[in-house]
Amino acid sequence: MTFYRVHLDRGRNAFRAMEEESEELYETAQVLLDPETGFFTSEVSELLEYVGSGLLVMDRVTLDTP
């Protein structure tokens, strides 16, 4: 499994950081984050319970056959 921990409050725009890391993370950022602020969009904020300023993204899972 590959996880990325994204901090929305560390001084860097989280949207831009995810965009630079990979295409998959960029696609996730487009759904969840405002490109200008790097924080959750208002629509996403309304849908989520309070999650603080951190986001854990599961990027990849590889399953072994039993």
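Begin by selecting arginine 16 and glutamate 19, whose side chains meet in a salt bridge with an N to O distance of 3.4 Å. The model on display is a predicted one. Both residues of this pair belong to helix α1, where they stand three residues apart, about one turn of the helix. Arginine 16 has a relative accessible area of 32%, so it is classed as partly exposed. Glutamate 19 is likewise partly exposed, at 32% relative accessibility.

**The other salt bridges**

How many salt bridges does the count come to? The count is three. For another of them, select glutamate 20 together with arginine 12: their side chains meet at 2.4 Å, N to O. Glutamate 20 is exposed, because its relative accessible area of 59% lies above the 50% cut-off. Arginine 12, with a relative accessible area of 46%, is partly exposed.

Next, move to aspartate 59 and arginine 60. These two residues form a salt bridge in which the closest N and O atoms are 3.8 Å apart. Is aspartate 59 buried or exposed? Aspartate 59 is buried, with a relative accessible area of 18%. Arginine 60, by contrast, is partly exposed at 44%.

**The whole chain**

Now display the entire chain as a cartoon. The chain contains three helices and two strands, and along the sequence these elements follow the pattern β-α-α-α-β. The C-alpha trace spans about 45 × 25 × 20 Å along its principal axes. Of the 66 residues in the chain, 26% are buried. Among contacts with a separation of 6 or more, 48% are between residues 24 or more positions apart. With a surface representation switched on, the chain exposes about 5,100 Å², of which carbon and sulfur atoms supply 51%.

**The nonpolar core**

In soluble globular proteins, nonpolar side chains tend to be buried together. To see the largest nonpolar core of this model, select its twelve residues: Val6, Leu8, Ala14, Phe15, Met18, Leu25, Ala29, Leu33, Phe40, Val44, Leu55 and Val57. Colouring the selection by element is instructive, since α1 (14-21), α2 (23-32) and β2 each supply at least two residues of this core. Which element gives the largest share of this core? That element is α1, with three residues.

Within the core, centre the view on leucine 33. Leaving aside neighbours within four places in sequence, leucine 33 is in contact with Leu8, Ala14, Phe15, Met18, Gly38, Phe39, Phe40 and Thr41.

From leucine 33, step to threonine 41, which lies in the loop between α2 and α3 (42-47). Threonine 41 is buried, because its relative accessible area of 16% falls under the 20% cut-off. Not counting residues up to four places away in sequence, threonine 41 touches Leu32, Leu33 and Asp34.

**The aromatic pair**

Return to helix α1 and select phenylalanine 15, then add tyrosine 26. A pair of aromatic rings is described by the distance of the centres and the angle of the planes. The count of such pairs in this model comes to one. Phenylalanine 15 and tyrosine 26 form this pair in an edge-to-face arrangement, at 5.8 Å centre to centre and with 75 degrees between the planes. Phenylalanine 15 lies in helix α1 and tyrosine 26 in helix α2, so the pair ties together parts that are eleven residues apart in sequence.

The two rings also invite a check of accessibility. Phenylalanine 15 is buried, with a relative accessible area of 4%, whereas tyrosine 26 is partly exposed at 22%.

**The nonpolar surface patch**

For the last stop, restore the surface and select Met1, Phe3, Leu56, Met58, Val61 and Leu63. Together these residues make a nonpolar surface patch of about 700 Å². One of them, valine 61, deserves separate selection. Where does valine 61 lie? Valine 61 is in the segment after β2 (54-60). At 41% relative accessibility, valine 61 counts as partly exposed.

Definitions and conventions. Residues are numbered from 1 along each chain as its sequence is written. This is a predicted model: local features need pLDDT of at least 70, side-chain atom pairs count only at pLDDT 80 or more; totals for chains, interfaces and linings use all residues. Side-chain values use heavy atoms; hydrogens and water are left out. Patches are made of residues with over 30% relative accessible area and no salt bridge: like charges are joined within 9 Å, nonpolar side chains (Val, Leu, Ile, Met, Phe, Trp, Tyr) within 5 Å. Accessible areas come from the Shrake-Rupley method with a 1.4 Å probe; for residues, only the protein chains shown count as cover. A salt bridge is a side-chain nitrogen of Lys or Arg within 4 Å of a carboxyl oxygen of Asp or Glu. Helices (H or I, at least four residues) and strands (E, at least two) are DSSP runs, numbered from the N terminus. Buried means under 20% relative accessible area, exposed over 50%, partly exposed in between (1.4 Å probe, protein chains only). A nonpolar core is a set of buried Ala, Val, Leu, Ile, Met, Phe, Trp, Tyr and Cys residues joined through side-chain atoms within 4.5 Å. Contact means heavy atoms within 4.5 Å. Rings of Phe, Tyr and Trp (its six-membered ring) pair if their centres lie within 6.5 Å; planes under 30 degrees apart count as stacked, over 60 as edge-to-face and the rest as tilted.
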